[in-house]
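Biologist: Can you pull up the model so we can go through a few spots?
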Amino acid sequence: GREPLRTMNALITQSVLRQASYPTAPWQGAYCLPQTGDGAKPGAEELIRALLGIQGDLGNPRARAFAAVVGLRRSWRCLAGAVALAVIVGYLQLLVLRAWPWLFMQASVFLPALMGTIAGGYFLQGAALDGDALEAWQRSNSLFAQFDPGTASVLSVVFGASLFVACALLLCATWREHEALQVAVRCATVGVQSLFQMPSVLLQPLLVAAWKLSAAAWVANTMIWLLATSRAEDDFIAVDDLEVGGLTKRLSFPLESQAMFLCCLLGLVWFMDLFSALSQFVTCYTVTQWYYVTKPKGAGPLLASAWGLVVALTFHLGTLALGSFVSAAARLPRAVLGMMAAQSSARSNVACRAIGACFDRCDTCSRAVLELTPRGAYTDVAISSNGFWEAARNARAVLESEGDKVPALSGACGMLSAATVLSAASATGMACYGAVALGASGGAASGDGCFVAAVGALLGASVGCCFADTLEHTTDALLYLYAWNRWHAHNTVQRFAPEPLLELVEYRPMQRPAP
């Protein structure tokens, strides 16, 4: 009844077998792809197309987004250089605007269009190249380092054509709004001439840009920690009436984590608006101190910006918080209601027109709420130390007393500010793309060229906004101070208002009636 026993002998040998390897090339600095061709671009084999396709392990949107974000770590020098370049471009723009305002107007519009045309021609030139020239272009084009040659060629054509269309639209918009752009240059000239007489304000864009980038990095890090509170849960599939789990996993975010993330996002918007209001108040306070120095003015009070920051944080922080909250809360509803009103009014249906009229009325109400913070409100706070609502009412009354002249000039620098921001973004984006392309052609591990260029352009635009906002706030503060001075003491305007400002508003002193 016992099992039969068998004796077995096993011989175990160990040896090294040589196997021919295949060449590989790095991809996005994180993977190695089989490489049969030369250069640093993926080949056109079926395996490569499968891996980099939209459903592939490396080509799906999640994998590409992950590789692009991770690649920023290897391109930090490019991004730091983009910030430094944006600062240099900002100060150069102020210098050119001060010396040659009309040249600045032309350059601020045509330089972005020229850079966009050059970039579009770069992406489209592959269709006319062949041989060694085509190989060199493909090695410098970062799209060929991320996609198979066929897909990269199509994307290059799409990018090039899109850039040409965007440049054409920019030139058409400039030609249509050239009169408004001329008015903006006249206003900005007054602001920049006064700005160079206040050294403390000239340093403000640099400090504001550094603080905003640091605050954004801190908030982004906080959001990443909130995203890290997710839980990995098993996915279950049904196989022959059985549930099998553990083969794949998914991330689950608790409701409280979602609420915290939403609060953090809303807090970021409010915090950025609050900081913009704080920066605007400091500018208005400094300009007010400088304005009420009798001519010739000189540099004005020493460290006026630093004292303005102390005054804002000590006495007016609640006023600035309330103003920024009203501005941030009314911005999104106004944009949504305006879009819905435009879409509904465009319909020929009577019901749609009625709905459009309701939306238009709601948009008018939200616009009225948003206009509770006119451009001169923070300047009135700097002058009179009033609360938010009282300063808003005073600012509206002062601006309305000037008729249409000063209110029309207030905020006229917006188009020029957009052009300067676009110039800074174009310069930094092209510089980042060129740096990544040169590094990739030299064999250095680099990130996604297009993504690095987009992030660099975003950083450049953020720094450019700081310079544009400082100039715009200076100009608006000067206009409001002129109106406030004329409202309260008309005969003292010529003692305080700078000559370029008097020429801009076409000031004429009041003549006493003959006895």
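Modeller: This is a predicted model, and we can take the cavities, then a helix, then a single residue.

Biologist: How many cavities of 30 Å³ or more does the structure hold?
Modeller: There are 4 of them. The largest has a volume of about 120 Å³.

Biologist: Which residues lie nearest the centre of that largest cavity?
Modeller: Leu 94, Thr 420, Phe 467, Ala 468 and Leu 471, out of 14 lining residues. Helices H3, H17 and H18 each supply at least two residues of that lining.

Biologist: How do the residues of its lining divide by polarity?
Modeller: Into 9 nonpolar, 5 polar and no charged.

Biologist: And what lines the second largest cavity?
Modeller: Val 208, Lys 212, Ser 276, Ser 279, Cys 465, Cys 466, Asp 469 and His 473. Helices H9, H10 and H18 each give two or more residues to it, and H18 gives the most, with 4. This lining divides into 3 nonpolar, 3 polar and 2 charged residues. The space inside is about 60 Å³.

Biologist: Changing topic, which residues of H11 are buried?
Modeller: Ala 304, Ser 305, Gly 308, Val 311 and Ala 312. Seen down the axis of H11, they fall within an arc of 115°, so they line one face of the helix. Trp 307 and Thr 314, on the other side of H11, are exposed.

Biologist: Last one: is Val 109 buried or exposed?
Modeller: Val 109 has 5% relative accessibility, so it counts as buried. It is found in helix H4.

Biologist: What does Val 109 touch beyond four places away in sequence?
Modeller: Leu 170, Thr 174 and Leu 181.

Notes: Residues numbered from 1 in each chain as written. Predicted model: local features only at pLDDT ≥ 70, side-chain atom pairs only at ≥ 80, totals over all residues. Heavy atoms only, no water. Buried < 20%, exposed > 50% of the residue type's maximum accessible area, 1.4 Å probe, protein only. Contact = heavy atoms within 4.5 Å. Arc of directions from axis to C-beta. 1 Å grid on protein atoms, 1.4 Å probe; cavity = no way out; pocket = protein on both sides within 12 Å on 5 of 7 lines; lining within 4 Å. Points joined across faces, edges and corners; volume = space filled by probe spheres on them. Nonpolar A, V, L, I, M, F, W, Y, C, P; charged D, E, K, R; others polar.
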